[in-house]
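Here is a short round of questions on one protein chain. Keep the structure open as you read.

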Amino acid sequence: MNYWLMKSEPDAFSYDDLVERGRAEWDGVRNHAAQGHMRAMRKGDLSIFYHSNIGVEAVGIMEIVGEAAPDSTDETGKWIAVHVAPKEKFEKPVTLKTMKADPKLADMAMIRQSRLSVSPLTAAEFRHIVDLSKG
């Protein structure tokens with residue numbers, strides 16, 4: 001199993017929106033590195049759902065339920081999307097400030113490449129973020 005961190009602006013699509021829908025296409029990603037990560041995703045992989053710009057915090061876990069397929073929002077046919085489903089909302093969001101201050105997360109891809117909307121996590125990073133969300 002692989003682990004990921006995927007960002008969305010909550011005023012465009014939030015974790016609560018995902019819960020309400022039950023399943024969603026993770027579309028609109030137009031960065032080649034992020035697209036490469038999405039191509040590597042497999043059914044059953046888990047991702048941290050991160051609210052960017054507003055809140056700037058990890059808010060829950062989602063599961064990859066559909067692998068790379070054409071992005072329905074892309075008229076060129078160049079970009080892909082994956083499908084995700086909610087797994088667990090965090091009891092307590094984990095802020096970017098908390099993650100940046102934590103030595104166990106110092107090498108996390110999102111910290112090193114903050115503009116990347118989809119990035120890999122190690123199993124240890126994933127578990128640590130989940131542990132931080134439990135208070």
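The questions below go from the annotated span to the sheet, the cores and the aromatic rings.

Q: Which residues does the UniProt annotation "domain: EVE" cover?
A: The model shown is predicted. The annotation comes from an unreviewed UniProt entry. Its span is 27% helix and 38% strand, with end C-alpha atoms 18 Å apart. The record places the domain at residues 2-131.

Q: In what order do the six strands of the open sheet run?
A: The pairing in this sheet is mixed. From one strand to the next, the twist averages 40°. E2 and E6 each pair on one side only, as edge strands. The order is E2-E5-E4-E3-E1-E6.

Q: Over how many bridges do E4 and E5 pair?
A: E4 spans residues 57-70 and E5 spans 80-95. Ala-69 has its bridge partner, Ala-81, in E5. The two strands pair in the antiparallel sense, and the count is ten bridges.

Q: What angle does the direction of H5 make with that of E5?
A: Helix H5 covers residues 123-133, and its buried residues include Phe-126, Ile-129 and Val-130. Those buried residues pack against E1, E3, E4, E5, helix H3 and strand E6. On the sheet, H5 touches E1, E3, E4, E5 and E6, and its direction makes an angle with that of E5 of about 45°.

Q: Which residues have the most contacts inside the largest nonpolar core?
A: This core has 20 residues. E1, H1, E2, H2, E4 and E5 each supply at least two of them. Leaving aside residues up to four places away in sequence, Met-6 touches a list that includes Trp-26, Phe-49, Met-62 and Val-84. The residues with the most contacts inside the core are Met-6 and Trp-26.

Q: How many residues are in the other core, which has Leu-5 and Met-110 among them?
A: This core lies apart from the one that holds Met-6 and Trp-26. Leu-46 and Val-94 are also among its residues. The number is 17 residues.

Q: How far apart in sequence are Phe-13 and Phe-49?
A: The structure holds five aromatic pairs. Phe-13 and Phe-49 form a tilted one, with 6.3 Å centre to centre and 40° between the planes. Phe-13 sits in the loop between E1 and H1, and Phe-49 in strand E3. The separation is 36 residues.

Q: Is Phe-49 buried or exposed?
A: The cut-off for buried is under 20% relative accessible area. Phe-49 has a relative accessible area of 0%. Phe-49 is therefore buried.

Q: Why is the pair of Tyr-15 and Phe-49 called edge-to-face?
A: Planes over 60 degrees apart count as edge-to-face. The ring centres of Tyr-15 and Phe-49 are 5.5 Å apart. Their planes stand at 90°, so the pair is edge-to-face.

Q: Which parts of the chain does the pair of Tyr-15 and Phe-49 tie together?
A: Tyr-15 counts as buried because its relative accessibility is 2%. In sequence, the two parts are 34 residues apart. Tyr-15 and Phe-49 lie one in each part, so the pair ties together helix H1 and strand E3.

Q: Which residues do ring pairs link into a cluster?
A: Phe-13 and Phe-49 form one aromatic pair. Tyr-15 and Phe-49 form another, edge-to-face. The cluster linked by ring pairs is Phe-13, Tyr-15, Trp-26 and Phe-49.

Definitions and conventions: Residues are numbered from 1 along each chain as its sequence is written. This is a predicted model: local features need pLDDT of at least 70, side-chain atom pairs count only at pLDDT 80 or more; totals for chains, interfaces and linings use all residues. Side-chain values use heavy atoms; hydrogens and water are left out. UniProt positions are given in the numbering used here, feature names are shortened, and annotations may be inferred rather than shown by experiment. Helices (H or I, at least four residues) and strands (E, at least two) are DSSP runs, numbered from the N terminus. Rings of Phe, Tyr and Trp (its six-membered ring) pair if their centres lie within 6.5 Å; planes under 30 degrees apart count as stacked, over 60 as edge-to-face and the rest as tilted. Buried means under 20% relative accessible area, exposed over 50%, partly exposed in between (1.4 Å probe, protein chains only). A nonpolar core is a set of buried Ala, Val, Leu, Ile, Met, Phe, Trp, Tyr and Cys residues joined through side-chain atoms within 4.5 Å. Contact means heavy atoms within 4.5 Å. Two strands pair if DSSP finds at least two bridges between them. Axes are lines fitted to C-alpha atoms, for helices over the stretch in contact, and angles run from 0 to 180 degrees between N-to-C directions.
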